[in-house]
Amino acid sequence: MNVTQAMELLKEKGYKYTKKREEMLRLFADEKRYLSAKDVLEKMYKDYPGLSFDTIYRNLATFAQLEILEVTELEGEKKFRFSCSTTQHHHHLICLECGKTKAVHNCPMEDINITFPDFEVTGHKFEIYGYCKSCTP
Ligand SMILES: [Zn+2]
Ligand SMILES: [Zn+2]
Ligand SMILES: [Zn+2]
């Protein structure tokens, strides 16, 4: 997913173009890491002083619903990032300090399915938390 694709998708789904939405998406494209609504507000406040937390949150929720953004909950706060361009099933290593992620292509479910053959799995979540190289003290 990139900004152009995201904007196309929004148009397709009937959301009208706004400069603010584009800026918001551009921010995620540039940052390539998990950001909270608060982070977005801090980054955009200078250019859009009237922008409210609610507006940002509503837009982020829309983006997540359209799968433009991936969402997770870190330390009790919802965080968003641009969806990975890979369509392959994967998980993430997430740095708790800077929010940067790395894709992990091994899935622990392969073992779980062998261990619990009688359990019908309908979905799973798996994230690995820690500190990236530049954030390790
Ligand atoms: Zn991903
Ligand atoms: Zn880091
Ligand atoms: Zn998996």
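## A predicted protein model with two zinc sites

Of the 137 residues of the protein, 38% count as buried, and the reader should bear in mind throughout that this is a predicted model. The protein contains 5 helices and 6 strands, which follow one another from the N terminus in the order α-α-β-α-α-β-β-β-β-α-β. Its C-alpha trace spans about 55 × 45 × 25 Å along the principal axes. Among contacts between residues at least 6 apart in sequence, 48% join residues at least 24 apart.

### The nonpolar core

In soluble globular proteins, nonpolar side chains tend to be buried together. Here the largest nonpolar core has 25 residues, and those that touch the most other members are Leu25, Phe28, Val40, Ile56, Leu60, Phe63 and Ile68. Two or more residues of this core are given by each of α1 (3-12), α2 (19-31), α3 (37-44), α4 (53-65) and β3 (77-82), and the largest share, 5 residues, comes from α1. Val40 illustrates how such a residue is surrounded: leaving aside its neighbours within four places in sequence, Val40 is in contact with Met24, Leu27, Phe28, Leu35, Ile56 and Leu60.

Thr55 also lies in helix α4, but with a relative accessibility of 21% this residue counts as partly exposed, because buried means under 20%.

### The sheet and the helix across it

Leu35, one of the contacts of Val40, stands opposite Phe80 in β3. The open sheet to which β3 belongs is formed by 3 strands in the order β1-β3-β2, with antiparallel pairing. Its edge strands, each of which pairs on one side only, are β1 (35-36) and β2 (69-74). Between β1 and β3, which run antiparallel, there are 2 bridges. Helix α2 lies across β1, β2 and β3, and runs at about 80° to β3.

### The two zinc sites

The table sets out the protein donors of each zinc ion, with their distances from the ion.

| Zinc ion | Protein donors | Distance |
|---|---|---|
| ligand 1 | Glu70 (OE), Cys84 (SG), His90 (NE2), His92 (NE2) | 2.1 to 2.7 Å |
| ligand 2 | Cys95 (SG), Cys98 (SG), Cys132 (SG), Cys135 (SG) | 2.3 to 2.4 Å |

Why is the arrangement around the zinc ion (ligand 1) tetrahedral? Its 4 donor atoms subtend angles of 96 to 127°, and four donors count as tetrahedral if all angles lie between 85 and 135 degrees. Along the sequence, the donor residues of this ion are spaced E-x13-C-x5-H-x1-H. Of these donor residues, both Cys84 and His90 are buried.

For the zinc ion (ligand 2), the 4 donor atoms subtend angles of 102 to 115°, and the arrangement is therefore tetrahedral as well. The ideal angle for four tetrahedral donors at a metal is 109.5 degrees. The donors of the zinc ion (ligand 2) follow the spacing C-x2-C-x33-C-x2-C along the chain. Distant parts of the chain are linked in this way, since Cys95 belongs to strand β4 (residues 91-95) while Cys132 belongs to the segment after β6 (127-130), 37 residues apart. Cys95 has a relative accessibility of 3%, and so counts as buried.

A last pair gives a sense of the separation between helix α4 and this second site: Thr55, which lies in α4, and Cys132, a donor of the zinc ion (ligand 2), are 77 residues apart along the chain, and their C-alpha atoms are separated by 32 Å.

Technical notes:
Residues numbered from 1 in each chain as written. Chains lettered and ligands numbered in written order. Predicted model: local features only at pLDDT ≥ 70, side-chain atom pairs only at ≥ 80, totals over all residues. Heavy atoms only, no water. Donors = N, O, S within 2.8 Å, 3.2 Å for Na, K, Ca; no water. Tetrahedral: all angles 85-135°; square planar, octahedral: opposite > 155°, others 65-115°. Buried < 20%, exposed > 50% of the residue type's maximum accessible area, 1.4 Å probe, protein only. Core = buried A, V, L, I, M, F, W, Y, C linked by side-chain atoms within 4.5 Å. Helix = DSSP H or I, 4+ residues; strand = E, 2+ residues; numbered from the N terminus. Contact = heavy atoms within 4.5 Å. Pairing = 2+ DSSP bridges. Axes fitted to C-alpha atoms, helices over the stretch in contact; angles between N-to-C directions.
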